[in-house]
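Thanks for coming. I will walk through one structure today, starting with the annotated sites and ending with the aromatic rings.

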Amino acid sequence: MTEKKHGVIYWIAGLVSVCILIGLDQWTKYLAVTHLSGQEDIVLIPNILQLHYLENRGAAFGVLQNQQWIFIILCLLFLVFAGYAYTVIPKTRHYFPLNFITVVLVAGAFGNLIDRIRLKYVVDFVYISAIDFPVFNVADIYVTVSAVLLFVYLIFFYREEDFTFLALKKKKGQ
């Protein structure tokens, strides 16, 4: 298979994966709005885990309430960077984790961006009462888990020389 064809397959697989992950996030938020909004919490595991409807107009831990434009701009900048990263990361088995993490991060960012643009808030509904953790959603899980995985891979798996593909390419004659 040619390198170009391999790259096209990676892009198609990435886009399909992002769409599926966003679909799952949006579906769970739809279920939360339909079944939790204005209702009592649903206790899944007593004193540990419950479903609690929340309209989050800020960021994590409620900071920057009603500043949606900041989140939209930051998210769009992140999506541009992630698109660039997905383009330049080599499409080899060695770099598959980075490509996968990029896809999951994009899905999480896009899932919450859709809410911010469409609703002016993000629908959150998962609450870990055992530690009084802030209420979150599936897109937040995507972002958090993939960020942790990225950190682990960057610290323990990849080496500095694995990122030579990021170096700016010189034009011929320079």
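A term before we start: a residue counts as buried when its relative accessible area is under 20%, as exposed when that area is over 50%, and as partly exposed in between. Please also keep in mind that this is a predicted model.

Let me begin with the annotated sites. UniProt, in an unreviewed entry, places the feature "active site" at D124 and D140. These positions span 17 residues in sequence, yet no two of their C-alpha atoms are more than 8.9 Å apart, so they gather at one spot.

Take D124. This residue is found in strand β3. Is D124 buried or exposed? Its relative accessible area is 1%, so D124 is buried. Leaving out residues up to four places away in sequence, D124 touches H52, Y53, L54, N56, V135, F136, N137 and D140.

Now D140, which sits in helix α4. With a relative accessible area of 23%, D140 is partly exposed. Which residues does D140 contact, leaving aside its neighbours within four places in sequence? They are N112 and D124. The side chains of D140 and N112 are joined by a polar contact of 2.8 Å.

Next, the nonpolar core. The largest one has 23 residues, and those that touch the most other members are V18, A32, Y53, L79, V123 and F125. Two or more residues each come from α1 (3–36), α2 (68–88), α3 (96–119), β3 (122–128) and α4 (138–156). Which element gives the most to this core? That is α3, with six residues.

V123 is one of the core residues just named. Not counting residues up to four places away in sequence, V123 touches K29, A32, V33, Y53, L54, D115 and N137. Of these, Y53 and A32 were also on the list of core residues that touch the most other members. Y53 and L54 are contacts of D124 as well.

Apart from the largest core lies another one, of six residues, including A85, Y95, Y158 and F165. Y95 and F165 will come back when we get to the rings.

A word on the record's transmembrane annotation. The unreviewed UniProt entry lists "transmembrane region" at residues 7–24, 69–89, 96–114 and 134–158. How does the model look over two of these spans? Residues 7–24 are 100% helix and 0% strand, and their end C-alpha atoms are 26 Å apart. Residues 96–114 are also 100% helix and 0% strand, with end C-alpha atoms 27 Å apart.

One residue in that second span is N99, in helix α3. N99 has 2% relative accessibility, so it counts as buried. Setting aside residues up to four places away in sequence, N99 touches Y10, Y86, I89, P90 and K91. Two of those partners also meet each other: K91 lies over the face of Y86, at 4.6 Å from the ring centre.

That brings us to the aromatic rings. How many aromatic pairs does the structure hold? There are 10. One of them is formed by Y95 and F165, and it is edge-to-face, with 5.4 Å centre to centre and 85° between the planes. Why does this pair tie together parts that are apart in sequence? Y95 lies in the loop between α2 and α3, whereas F165 lies in the segment after α4, so the pair links parts that are 70 residues apart in sequence.

Both partners are buried: Y95 has a relative accessible area of 10%, and F165 has a relative accessibility of 18%. F165 also pairs with F163; the ring centres are 5.8 Å apart and the planes are at 45°, so this pair is tilted. F163 itself is partly exposed, at 22% relative accessibility. Ring pairs link Y95, Y153, F157, Y158, F163 and F165 into a cluster.

Last, one residue in helix α2, namely F71. F71 is buried, with a relative accessible area of 12%. How far from L166 is F71, in sequence and in space? They are 95 residues apart in sequence and 27 Å apart in space, C-alpha to C-alpha.

To close, back to the start: the two positions that UniProt marks as "active site" are D124 and D140, with D124 buried and D140 partly exposed. That is what I have for today.

Definitions and conventions:
Residues are numbered from 1 along each chain as its sequence is written. This is a predicted model: local features need pLDDT of at least 70, side-chain atom pairs count only at pLDDT 80 or more; totals for chains, interfaces and linings use all residues. Side-chain values use heavy atoms; hydrogens and water are left out. A nonpolar core is a set of buried Ala, Val, Leu, Ile, Met, Phe, Trp, Tyr and Cys residues joined through side-chain atoms within 4.5 Å. Buried means under 20% relative accessible area, exposed over 50%, partly exposed in between (1.4 Å probe, protein chains only). Helices (H or I, at least four residues) and strands (E, at least two) are DSSP runs, numbered from the N terminus. Contact means heavy atoms within 4.5 Å. UniProt positions are given in the numbering used here, feature names are shortened, and annotations may be inferred rather than shown by experiment. A polar contact is a pair of N or O atoms within 3.5 Å; within protein, one must be able to donate a hydrogen and the other to accept it, and residues adjacent in sequence count only if both atoms are side-chain atoms. Rings of Phe, Tyr and Trp (its six-membered ring) pair if their centres lie within 6.5 Å; planes under 30 degrees apart count as stacked, over 60 as edge-to-face and the rest as tilted. A charge sits over a ring if NZ of Lys or CZ of Arg is within 6 Å of the ring centre and within 35 degrees of the ring normal.
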